[in-house]
Amino acid sequence: MKNYPWYVWVASVFGLGFIPSGMPGTVSSAAACVVSMFVDVPLWVIVLVSAVGVYVTGKSETYFNTKDPSFLNIDEVPGMWISIFLLPKSFIIPGFFLFRLLDILKPWPISAMEKLPGGWGIMADDIVGGIMANIMLHGLNAYLYHAGWIYALWEAFSK
């Protein structure tokens with residue numbers, strides 16, 4: 001491995017982005033899932049990793065003089081955590097697949113976020129994708145299990 005600056009290693013999720021799998025985003029999303037299986041990631045950690053991600057991806061983009069290289073994949077971590085935030089552990093795998101699908105297809109407004117400059121654009125598309133996946137999964141949780149905040153809202157307004 002090359003001797004990259006510290007911020008490149010952080011932006012590549014400590015080298016996961018350099019694994020020659022051809023799927024660095026999927027690898028980092030899977031790593032975030034593994035963490036989520038053992039720890040309920042609090043919102044402050046998601047916000048902290050997102051803020052650090054904006055900084056390190058922006059610096060790394062400048063270092064490589066390339067817009068959003070695929071090995072800068074710290075954006076997948078908070079995006080994945082957001083997609084399953086406040087959901088039961090049984091939603092980790094469906095959350096992984098839905099988040100990856102949205103990240104690959106990039107429907108609006110995800111695609112619009114990529115146009116932001118520097119690290120903001122790198123991070124924002126996955127954060128918005130995570131939010132979209134989270135809302136869909138909470139809707140599924142409400143529909144299937146009559147649980148969660150969407151179901152509570154439905155119950156409150158349907159009476």
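**Exercise 1. Where is P109 found?**

Solution. This is a predicted model.
Step 1: place the residue. P109 is found in the loop between α5 and α6 (110-113).
Step 2: check the backbone before it. The peptide bond from W108 to P109 is cis. Its omega is near 10 degrees.

**Exercise 2. Locate F14 and D68, and classify their phi values and exposure**.

Solution.
Step 1: take F14. This residue lies in the loop between α1 and α2. Its phi is near 55 degrees, a positive value in a residue other than glycine. Exposed means over 50% relative accessible area. F14 has 65% relative accessibility, so it counts as exposed.
Step 2: take D68. The loop between α3 and α4 holds this residue. Phi of D68 is near 45 degrees, again positive in a residue other than glycine. At 31% relative accessibility, D68 counts as partly exposed.

**Exercise 3. Describe the largest nonpolar core and the surroundings of W81**.

Solution.
Step 1: find the hubs. The largest nonpolar core has 28 residues. V49, V56, I74, V77, M80 and W81 touch the most other members.
Step 2: assign the core to helices. At least two residues come from each of α1 (6-11), α2 (24-38), α3 (43-64), α4 (76-83), α5 (92-105) and α7 (118-145).
Step 3: look for another core. A second, separate one has 8 residues, including I110, V128, A133 and L137.
Step 4: list the contacts of W81. Leave aside neighbours within four places in sequence. W81 is then in contact with A32, V35, S36, V41, V45, I46 and V49.

**Exercise 4. Is S50 buried or exposed, and what does S50 touch?**

Solution.
Step 1: place S50. It is found in helix α3.
Step 2: apply the cut-off. Buried means under 20% relative accessible area. S50 has 10%, so it is buried.
Step 3: list contacts, not counting residues up to four places away in sequence. S50 touches P78, M123 and I127.

**Exercise 5. Map the nonpolar surface patch and place V35**.

Solution.
Step 1: list the members. V34, V35, M37, F38, V39, I93 and F97 make a nonpolar surface patch of about 700 Å².
Step 2: find the contributing elements. Those giving two or more residues are α2 and α5. α2 gives the most, with 4 residues.
Step 3: check V35. It sits in helix α2. With 37% relative accessibility, V35 counts as partly exposed.

**Exercise 6. Sort two aromatic pairs by geometry**.

Solution.
Step 1: get the total. The whole structure holds 13 aromatic pairs.
Step 2: test W6 and Y55. Planes under 30 degrees apart count as stacked. The W6 and Y55 planes are 25 degrees apart, and the pair is stacked, at 6.3 Å centre to centre.
Step 3: place this pair. W6 is in helix α1 and Y55 in helix α3, 49 residues apart. W6 is exposed, with a relative accessible area of 52%. Y55, at 45%, counts as partly exposed.
Step 4: test F64 and F71. Planes over 60 degrees apart count as edge-to-face. The F64 and F71 planes are 75 degrees apart, and the pair is edge-to-face, at 4.9 Å centre to centre. F64 is partly exposed at 23% relative accessibility. F71 is buried at 18%.
Step 5: join the rings. One aromatic cluster is formed by Y4, W6, Y7, W9, F18, Y55, Y63, F64 and F71.

Notes: Residues numbered from 1 in each chain as written. Predicted model: local features only at pLDDT ≥ 70, side-chain atom pairs only at ≥ 80, totals over all residues. Heavy atoms only, no water. Core = buried A, V, L, I, M, F, W, Y, C linked by side-chain atoms within 4.5 Å. Buried < 20%, exposed > 50% of the residue type's maximum accessible area, 1.4 Å probe, protein only. Contact = heavy atoms within 4.5 Å. Patch = residues over 30% accessible without salt bridge, like charges linked within 9 Å, V, L, I, M, F, W, Y side chains within 5 Å. Areas by Shrake-Rupley, 256 points an atom, 1.4 Å probe, with all protein chains shown as cover. Salt bridge = Lys/Arg side-chain N within 4 Å of Asp/Glu carboxyl O. Phe/Tyr/Trp six-rings, centres within 6.5 Å; stacked < 30°, edge-to-face > 60°.
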